[in-house]
Amino acid sequence: MRFAIKTRPEHQTWAQMRDVWLAADQLEVFESAWNWDHFYPLSGDPAGPNLEGWTMLAALAAATTRIRIGCQVSGMIYRHPAVLANMAATVDIVSEGRLEIGLGAGWNQLECDAYGIELPPLRERFDRFDEGVEAIVALLTQPTTTLRGRYVQLTDARCEPKPVQQPHPPIVIGGRGKTRTLRTTARWAQHWNSLTQDPADWLSLKETLLSHCADLGRDPAEITCSVNVRLDSDAAADLDAAVRTAAAYQQAGLDLAIVGLPTGATPALLEPLASRLASLT
């Protein structure tokens, strides 16, 4: 099993997050680092600070040299898919081919209400999501794209320059919806991430993913499976608990454990975490 970190861009400074990512960049046990795509904090005071995910990725792409980077995950409702495709291509170029494109349908009613962003009913939201993923992949791989969808319409659309990674940076789809999310994952994604209660919950979801892959003729081995492992603090007991959780998922066959760091984590946390995780490799 491989390992990654996730930092929550809420209630902390740019310098704090940058320093943690720079430290992770120097520790081989960490394959990738992730943030999130929200404009309001998800915990604590909702009026508190929260850094924007994609501009942060661009800055961290320039600051780091090895670690893969991604947003877990970008809400399709926030940006037109063609805009997001161009952003992704640019960040992949800045990172010299280290971007993973995290995509989700979006869900945060508070942010949408505050910013006047439409949050459609669930079925329409996933219809838009399906068309958006198709548009992004096409724009990143084809010289021009024409798409006559219900919600996404492109006419000889270009996305230049193309990303470094070919045919495109890995598509990471986040979610646990068995009917729509996992089917879209089976169709388009190279990486599936989900929030799960325990390994049994994850295995149940994976069975659904495998079924969708079989229906679509997709080799499931082409899809990296990851979950988020919570780390509450830098206390030794919490570090050990996070590693035990990761080990349980390892026994279930998980590919990648993404350790969610506590808000305000410092680089000093990463050495003991990396040392404990290395025992599982």
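**A tour of salt bridges and a helix pair**

Begin by selecting E222 and R218 in this predicted model: the two residues form a salt bridge, with their closest N and O atoms 2.6 Å apart. R218 is buried, at a relative accessible area of 16%, whereas E222 is partly exposed, at 45%.

Next, select D232 and R230. Their closest N and O atoms lie 2.5 Å apart, again in a salt bridge. Here D232 counts as partly exposed at 45% relative accessibility, and R230 as exposed at 66%.

Move then to R79 and E52, whose side chains meet in a salt bridge at 2.9 Å, N to O. R79 belongs to the loop between β4 (74-75) and α3 (81-94), and E52 to the loop between β2 (30-35) and α2 (53-63), so this pair ties together parts that are 27 residues apart in sequence. R79 is buried, with a relative accessible area of 13%; E52, at 24%, is partly exposed. Add D37 to the selection to display a network of salt bridges linking D37, E52 and R79. The count of salt bridges comes to 15.

Finally, display helix α6 (residues 181-188) together with helix α7 (residues 199-216). Their axes come within 9 Å and cross at roughly 50°, which makes α6 oblique to α7. The crossing of α6 past α7 is right-handed. To view the contact, select L182, R183, T185, A186 and R187 on α6, and L205, T208, L209, H212, C213, D215 and L216 on α7. Coloured by class, this contact shows six nonpolar, three polar and three charged residues.

Note on methods:
Residues numbered from 1 in each chain as written. Predicted model: local features only at pLDDT ≥ 70, side-chain atom pairs only at ≥ 80, totals over all residues. Heavy atoms only, no water. Axes fitted to C-alpha atoms, helices over the stretch in contact; angles between N-to-C directions. Helix = DSSP H or I, 4+ residues; strand = E, 2+ residues; numbered from the N terminus. Parallel < 35°, antiparallel > 145°, perpendicular 65-115°, else oblique. Left-handed = near helix turned anticlockwise from the far one by under 90°. Contact = heavy atoms within 4.5 Å. Nonpolar A, V, L, I, M, F, W, Y, C, P; charged D, E, K, R; others polar. Salt bridge = Lys/Arg side-chain N within 4 Å of Asp/Glu carboxyl O. Buried < 20%, exposed > 50% of the residue type's maximum accessible area, 1.4 Å probe, protein only.
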